[in-house]
Amino acid sequence: MASSLLSKPPTTLSFSSSISNSLPIQFRSSSATCLPSRCRRVKSNRFTVSAKIREIFMPALSSTMTEGKIVSWIKSEGDVLSKGESVVVVESDKADMDVETFYDGILAAIVVAEGETAPVGAAIGILAETEAELEEAKAKAAAASAGGSGVATSSKEEKPAPAAPAPAVAQPAPAAATATATAAAYTSNAATPQAKKLAKQYKNMLESLSVPTFRVGYPVVTDALDAFYEKVKPKGVTMTAILAKAAAMALAQHPVVNASCKDGKSFTYNSSINVAVAVAINGGLITPVLQDADKLDLYLLSQKWKELVEKARAKQLQPQEYNSGTFTLSNLGMFGVDRFDAILPPGQGAIMAVGASKPTVVADKDGFFSVKSKMLVNVTADHRIVYGADLAAFLQSFAKIIENPESLTL
């Protein structure tokens, strides 16, 4: 763990700990007067400090997270903590995640209570190294709460204090105070994680709509797919896994459709085929990612997909499990939707929209009519990366795999 010392007046030192981005919690020690027992002079008039009190900060659990909500504290005030123990459950704009402590110590005080929100980087708790620092740590927590620290005001603080009887001319004052409190509450509600999430989604949509895209539709006969699904369904295989596997196999043949353009100027061929699949959850949409979908066999892919869906609905997905997709699949066929167009996710080259399989009257080359099941597949692609001929060739390969599904188990 790297530490840095910032120069201050001779009697005061500020100590901070830097933690890698992969760590879910960040700590920063408070400024303290340099005492002979806690520091020693070394060359160049610099000191080393043994930190005794650390603030526990609201972690950034995703690249879009600006604030988080405390779902629950796993530990209570006064509990002794060991490095690596889970301390608190935080709700981000994507998922609920346990966060761990990276220091031994005592949870001296909880600054942000369960159900309250705080901006990323705000203090949510105070950690003391030993019992000797408990009182000082609690005083620091009280000061942090009194100073706001970006934490939502509790109901006790919002309750107006009893006032002495006032003349009739002073009666408008409570109304003004109420209006101020109402305005403050409105401002607080406007900055909830849900509001920030909607703002981020809106921004992503605007970014997607600014990309020059085009769409290609392709009908796929599904009689063989339906028969194959009935055969493998008892073994735990899902239709989503079948479609994802087929798409991944087709992407392996047409890597340009799996490419990405993130800077608007050049595109990159992705070394992995990570198929993101849209899933509706309470309050929104998330895209769990089947990583290396072309390399996993169909049965393992189905098992992995079930695990991802369970974690998504429990809001327990890790960031890499929903933001590492290189191609997206959206299936509304189970709702009876026969066709739709999907919005291209930022940074990806293409997204596939799959409709329902329905009986369709078709004529063969000799003019004889028959009934076959067909589904319409629409793909939206970034025209800066993919050309029409590329997308048509990809869809032909996808259709060939779907119409001969036995290759999915090879």
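This report walks through a predicted model of a protein chain, from its overall make-up to a few of its residues.

## The chain as a whole

Let us begin with the broad view. The protein chain contains eight helices and 23 strands. Of its 410 residues, 40% are buried. The chain exposes about 22000 Å², and carbon and sulfur atoms supply 55% of that area.

How much of the contact network joins residues that lie 24 or more positions apart? Among contacts in the chain with a separation of 6 or more, such pairs account for 61%. Leu 317 and Met 97 give an example of parts brought together in space: they are 220 residues apart in sequence, while their C-alpha atoms are 7.9 Å apart. You can find Leu 317 in the loop between α7 (298-313) and β20 (327-331). Is Leu 317 buried or exposed? Its relative accessibility is 1%, and under 20% counts as buried, so Leu 317 is buried.

## Salt bridges

The structure holds seven salt bridges. Three of them are set out here, each with the distance from N to O.

| Residue pair | N to O distance |
|---|---|
| Glu 85 and Lys 75 | 3.0 Å |
| Lys 315 and Glu 91 | 3.5 Å |
| Arg 384 and Asp 382 | 2.8 Å |

Take the salt bridge between Glu 85 and Lys 75 to start with. This pair links Glu 85, in the loop between β9 (80-81) and β10 (86-91), with Lys 75, in the loop between β8 (67-73) and β9, and the two are ten residues apart. Glu 85 is partly exposed, at a relative accessible area of 26%. Lys 75 has a value of 18%, and because buried means under 20%, Lys 75 counts as buried.

Now look at the salt bridge between Lys 315 and Glu 91. Lys 315 is in the loop between α7 and β20 while Glu 91 is in strand β10, so this pair ties together parts that are 224 residues apart in sequence. Lys 315 is partly exposed, with a relative accessible area of 27%.

In the salt bridge of Arg 384 with Asp 382, the partners differ in how they are covered. Arg 384 is partly exposed, with a relative accessible area of 32%, whereas Asp 382 is buried, at 1%.

## Aromatic rings

A pair of aromatic rings is described by the distance of the centres and the angle of the planes. The structure holds two aromatic pairs. One of them joins Phe 267 and Tyr 269: the ring centres are 5.5 Å apart and the planes stand at 70 degrees, so the pair is edge-to-face.

Where does Phe 267 sit? Look for Phe 267 in the loop between α6 (239-253) and β16 (275-277). Phe 267 is partly exposed, with a relative accessible area of 35%. Beyond its neighbours within four places in sequence, Phe 267 is in contact with Ala 259, Ser 260, Cys 261, Arg 384 and Ile 385. That list includes Arg 384, the residue that forms a salt bridge with Asp 382. Phe 267 and Gly 347 are 80 residues apart in sequence, with their C-alpha atoms 9.3 Å apart in space.

Another ring has a charged residue as its partner. Arg 54 lies over the face of Tyr 103, at 3.7 Å from the ring centre.

## Two residues with positive phi

Most residues other than glycine have a negative phi. Which way does phi point in Asp 292, positive or negative? Asp 292 is not a glycine, yet its phi is positive, at about 50 degrees. Asp 292 is placed in the loop between β19 (289-290) and α7, and it is partly exposed at 27% relative accessibility.

Lys 315, already met in a salt bridge with Glu 91, also has a positive phi, near 55 degrees.

## A nonpolar patch on the surface

Our last stop is on the outside of the chain. Val 361, Phe 369 and Val 371 form a nonpolar patch on the surface, and together they have about 360 Å² of accessible area. Val 371 belongs to strand β23 (residues 369-382). Its relative accessible area is 59%, and exposed means over 50%, so Val 371 is exposed.

Definitions and conventions: Residues are numbered from 1 along each chain as its sequence is written. This is a predicted model: local features need pLDDT of at least 70, side-chain atom pairs count only at pLDDT 80 or more; totals for chains, interfaces and linings use all residues. Side-chain values use heavy atoms; hydrogens and water are left out. Patches are made of residues with over 30% relative accessible area and no salt bridge: like charges are joined within 9 Å, nonpolar side chains (Val, Leu, Ile, Met, Phe, Trp, Tyr) within 5 Å. Accessible areas come from the Shrake-Rupley method with a 1.4 Å probe; for residues, only the protein chains shown count as cover. A salt bridge is a side-chain nitrogen of Lys or Arg within 4 Å of a carboxyl oxygen of Asp or Glu. Helices (H or I, at least four residues) and strands (E, at least two) are DSSP runs, numbered from the N terminus. Buried means under 20% relative accessible area, exposed over 50%, partly exposed in between (1.4 Å probe, protein chains only). Contact means heavy atoms within 4.5 Å. Rings of Phe, Tyr and Trp (its six-membered ring) pair if their centres lie within 6.5 Å; planes under 30 degrees apart count as stacked, over 60 as edge-to-face and the rest as tilted. A charge sits over a ring if NZ of Lys or CZ of Arg is within 6 Å of the ring centre and within 35 degrees of the ring normal.
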